[in-house]
Structures are given as C-alpha cells and as structure tokens.
Amino acid sequence: MAKVLEVRDLAVGYGGEPLLEEISFDVLRGEVFAILGGSGCGKSTLLRTLIGLQEPIAGRVHFRGIGPPAKAMTPPQFGVLFQSSALFGSRTLLQNVLLPLQKWTRLPAAAALAVAMARLRLVGLDRFAHHLPSAVSGGMRKRAGIARALALDPPVLFFDEPSAGLDPVTAAELDELILTLARDLGVTIVLVTHELPSILQVADQCIMLDGAAVGIIARGAPRELSERSTDPRVQAFFRRQVLPRNL
Amino acid sequence: MPSPAFTLSSSGPGDCRRVQLAGPITLAEGAELWRQVRTALAGATSAEVNMAQVTRLDGGAAALLTAVATEMMRSGGGLQFVDARGDVARLLALYDSARTGSCELPEPKATTVLADVGDFAERAWRTTQAILAFLGDLVVGTIQAVRRPRTVHFGELGVLLERAGADGLPIVMLINFLVGAILGLQGAIQLHRFGGDQFLANLVGLSVIRELGPLMTAILVTGRSGAAYAAELGTMTVNEEIDALRTLGQDPQRFLVFPRVLALVLVVPVLTLVGDFVGSLGGLAIAVSYLDQPVVVYLQSLQQAVSLLDIGTGLLKSVLFAVAIGLIACQRGLATRGGADGVGRATTSAVVVVLFALVALDAVFTWVFSLLGW
C-alpha cells in the first residue's frame, strides 16, 4: 500500500527543548495508525507538529500525494478531531459541519446542507443537528467533531484522544465509527490515544512513545506488541502495571 | 469555468428517466454535480442512475446523490442507483442506509416588536432580581467575613489591587486630564464672552470633583476591571472551576467575589482622587494657555469654590460605584451559561448593566445631595 505520511528524524517540543527526538515512521493509505504513550510523553505535541500547528525543532513531515499541512489558501487536506472536540459553542452541530463546506466549496446552500446532514447522519446525530454543542453529551460532541472533520472528504483524519472522558459503551461506539470510516470511506486515520481497548480494537499499526526515553520505544501491530514485546515499559503499558522506579 | 471531470448524459421519458454518470465524481465538483443531476431529473417522476462507469466517488458526492434521491422520494417519485461497483457501491450504500430524517432548517420563530419588548423587560427584571439576590448574599458574606476574616481568600488581593489600581492609573490620569481640559475650553469660551474668566476654576473644579471625576473613573474601571472580572469568572464557570470550588467546600462569594469587590472599594476612591486632581489640572492648563490667567489666581479660585464636602460627596459616590462595578461584573460572570459565546455575552452584559447602574446611581446621588443641600 502507498505511503500517505512520512515522518523523518522529527524532534518536537517547546522553546527549543525537545520532548521527543528522532521520531521516524510511515503511515500507509487506509491504515489506522496509533501513537501511544503515557500522559505527558509528548503525544499531543507530536500531533500538533504533524498537522502543522507547531514548528518542529528538527526533521520533516511529508504528506505524500496531498498538500502541505495548515496552509491558509488551500482547503485543508486532512481533518482533525481535537481532544475537547473544539466545536464552536455559538453554532449548532449542523452549522459547525457546514462551516468548512461554506468556506471551501461552491455548493449551493441546499446542497451544502444536504452534505452536512449526511455527515451528521453518518455519525448518528441528524436528530440533534439543531442543538448547540453545550446541549449534547460529550460522546455526541466527539461524533459531531468527526462529522466536521469529515466534511470535505479529507484523505487523512487525525484524532487526539477520541475516547478520553467517555464511558466504555460510548467509547466502543466511537471505535466502531472509526473502523467504519477506515473500512467504508477508505480514510487513513492517525490516532493519538492511551486507551487500551481502543488501541487493540481499531489500530493496525502503532508506535509507542516514552517521555523518559525522549522518543519511540516500540513499533508494530498493537496486539503483537501487547503479547510479544519483552520491553518492560511496553509490557507495563499494555498490562496496566506500575513501572518499577529504576526503569 | 473548467468542465468537470465527470460526465452526465440522460435519456428517456419523465416516468422513466435514465441518467448515466461516468468518471471521477468528487465534492470539489459538487456544485456542478448538484446542478447537472437536478437539471437532468427535472420533471421526472421515476429515474435510474447508472453508476457503472463511475471510477471514483467520495463521501461528499455520495451525500449529494442520495440527497437528490431523497428529494425525489419526498415528491412522490423514485430514484435508483444501478450497476455501482466496489468502493462506489459501498459508499452509496453507506450514505443511502443512513438516509432518514429531514434536511430542512427549522423555520425561525416569528416575533413581533411587542414580544421583543416583553422579552427585554422580562430579562431586565430577572437580571435585576439576580443582582439584588447577589447583593444580599454579598452583604451576608461581608458580615461573616468581618466576623471570621480567615474564611476570606485574601491571597490574591495584592494582585487585584495592582491590576485595578496601579495598572489603571495612567489611563485614568490621561482621560481625566482631557475631560478637565475639554470642559475648561468649552467653559472658557463662554465665560470669556461675559467677562467671567475668574469663574473657570469654579466650573471645572465643581464639575470634575463632584460629577465627572468619579463617573469617568468608574467608567474606566468598568471597561478595564469590570469586563476582566466578568470574563474571568465566566470562563471559570464554563470550565466547571466554580463547581469544583463548591465541591472543595469553598464559597465562590468569599473566595472570588469578596476580594474583587474589596479591591475595587479600596482602589476606586484613590483613582478618583487622582482623577479629580489631574482633571483640575486640565482646567488649569486651559486657564493659563487660553485665558492668560496666572496659576495662583486659578488655584485660589479653586480653593474657594471647592469644599471638603464636595470632595467627600465625590468619594462617597466612588465607593458605591466600586461596589456596583464589582458586584454586577462578578454576578454576570458567575451567571454565564454555554461556552466561549456565553463568556462574551456575560462580559457585554456586565459592561452594559454596570454603565446603566453608574449613571442611574449618579442621578440618584445628585438628587439626594440637592435635597440635603450638599
């Protein structure tokens, strides 16, 4: 399968101080790729760098076959679901999804509305289209965030902690939706998470980051890593164990 | 406009229109797809869209095609997609299976001017009730705070005093100086025509010290500190920080409101005194530059015209203005609902309500002082 995203020797952090260094990986078309790691290891910083919201300290991010990230003059080539959903609170769910369509397409109003409603139906929220984000649950806000990220049919979707703060059933529904997007829409998904059930259910490939190691400590299929890795940090992560202090 | 990558041809009568789509169909050309498909199906009661030659279909285009099918179904007709293969078939099925419900936006509620006036009056009454209830809470809180000072969070009082006072001093001085100068210039022009140059100090001194100094200073404090308090407490409310405070056994009144109101009560009279002083200097600048009046003459007139009672009434006003600013700004902030939009509305509401309250209080004071002969 063709590469969609190529990351080489990337160093990310703040004020020139790297949180992560020598990060290299490839994401293939149609793959669900997870970036794993404990809290504070730099997962979200890496994601911000991948989507162009933050300059890397070193290295490069290359999207193959699609445009450069976060350039204001071209339609965004990927969608992003932020950890907080980041829906605009003064707009209804429908208006949130309509926003990128109105900005980047020349669809007549009725057509744009039809597309936006179709996106909301896809995530099961058409009945709540006219609700404000504050009037729906956290899981619904996440799904509305996915509908908005999908609005322009981007080939790549980035999800930052999609299941964070959700109950197990809602989280499982969201995982199912992620699989549907990858399987039926053929979207490549890059997922930042530390939710074990989600990782094992949806991810094809993953990298595991470690703050102390300032980089990647493992890579491969999540199930394989969870069953075969001999690295105590990887074992501790997948078995939800407390890591001994000397590691 | 470049021609689209897809092609569309149609044939057959209205009761069985046949449409053939071919090539890649994407949302980027959605406008053209929407126009061509609807034109091809215009007047048809039943139609069949052949998708055999469609090489690529994205989600947006699939959504548009299924929306057209829904539109035909609603008008009593029917539309079928035939010979779709692979990804095209899967996408059409995905969007088609999700096809339920309405695409229409709800009709905006019709309102009349009378209903709008009624809504406004109801909102104003509720806001007044809420502010009065809040005032009651604050009075009770103040009594408890005096009895048990340790329950009040004085930790941030220093920072609050600095932000509301020292940081606001330059703008308070500048605006009051300009107000004094403008008043002085307008007064000097009129007084000079009637040979009343010596009364300029009376005009500027009394106007600034009794009315404009306290009022202008309070308006500036509203814009700086009042708006900041409403936005800060509003953000804390929507982020559930206020709920967190309550669960920790802290009373938001004593933890957040009391220190802010106290900071303003301590700072606004001082700013008002400084404002009175520089406002009078603004009048002096005009007296010297426009009327060629010696400095000593202006200052002697000012001393004779302005009594300690005048300064005292101005300071009394400033204290009550400070309470009004702190109280209303904090109440509006804590009453915030929703997200970022709610914080914006709370801040606007705080500034508008405080400004109204300041002018109303000033009018009441002027009337009461005139009755008392002050």
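Leaving aside its neighbours within four places in sequence, which residues is B:Asn176 in contact with?

1. On the residue just asked about: B:Asn176 is in contact (heavy atoms within 4.5 Å) with B:Leu212, B:Gly213, B:Met216, B:Thr217, B:Gly275, B:Val278 and B:Gly279, once neighbours within four places in sequence are left aside. The residue is found in helix 6 of chain B, residues 169-193, and at 2% relative accessibility B:Asn176 counts as buried. Here buried means under 20% relative accessible area, exposed means over 50% and partly exposed lies in between, with a 1.4 Å probe and protein chains only.

2. On the basis of the values: this is a predicted model, in which local features need pLDDT of at least 70 and side-chain atom pairs count only at pLDDT 80 or more, while totals for chains, interfaces and linings use all residues. Residues are numbered from 1 along each chain as its sequence is written, chains are lettered from A and ligands numbered from 1 in the order in which they are written, and side-chain values use heavy atoms, with hydrogens and water left out.

3. On chain A as a whole: its secondary structure comes to eight helices and nine strands, where helices (H or I, at least four residues) and strands (E, at least two) are DSSP runs numbered from the N terminus. Of the 247 residues in chain A, 54% are buried, and among its contacts with a separation of 6 or more, 64% involve residues 24 or more positions apart. Chain A exposes about 10,900 Å², of which carbon and sulfur atoms supply 51%; such accessible areas come from the Shrake-Rupley method with a 1.4 Å probe, and for residues only the protein chains shown count as cover.

4. On chain B as a whole: this chain has twelve helices and four strands, and buried residues make up 43% of its 374 residues. Among contacts in chain B between residues at least 6 apart in sequence, 82% join residues at least 24 apart. The exposed area of chain B is about 19,100 Å², with carbon and sulfur atoms supplying 64% of it.

5. On a helix pair within chain A: helix 4 (residues 138-150) and helix 5 (residues 168-184) of chain A pack at an angle of about 15°, with their axes 10 Å apart, and this makes helix 4 of chain A roughly parallel to helix 5 of chain A. The contact is made by residues including A:Ile146 and A:Leu150 of helix 4 and A:Leu174 and A:Leu177 of helix 5. Axes are lines fitted to C-alpha atoms, for helices over the stretch in contact, and angles run from 0 to 180 degrees between N-to-C directions; those under 35 degrees count as roughly parallel, over 145 as roughly antiparallel, 65 to 115 as roughly perpendicular and the rest as oblique.

6. On a helix pair between the chains: the axes of helix 3 (residues 109-122) of chain A and helix 2 (residues 59-74) of chain B come within 9 Å and cross at roughly 110°, which makes helix 3 of chain A roughly perpendicular to helix 2 of chain B. Among the residues that make this contact are A:Ala111, A:Ala114 and A:Ala118 of chain A, and B:Gly59, B:Gly60 and B:Ala63 of chain B.

7. On A:Thr105: this residue is found in the loop between helix 2 (93-104) and helix 3 of chain A, and A:Thr105 is buried, with a relative accessible area of 14%. Not counting residues up to four places away in sequence, A:Thr105 touches A:Pro100, A:Leu152 and B:Leu27.
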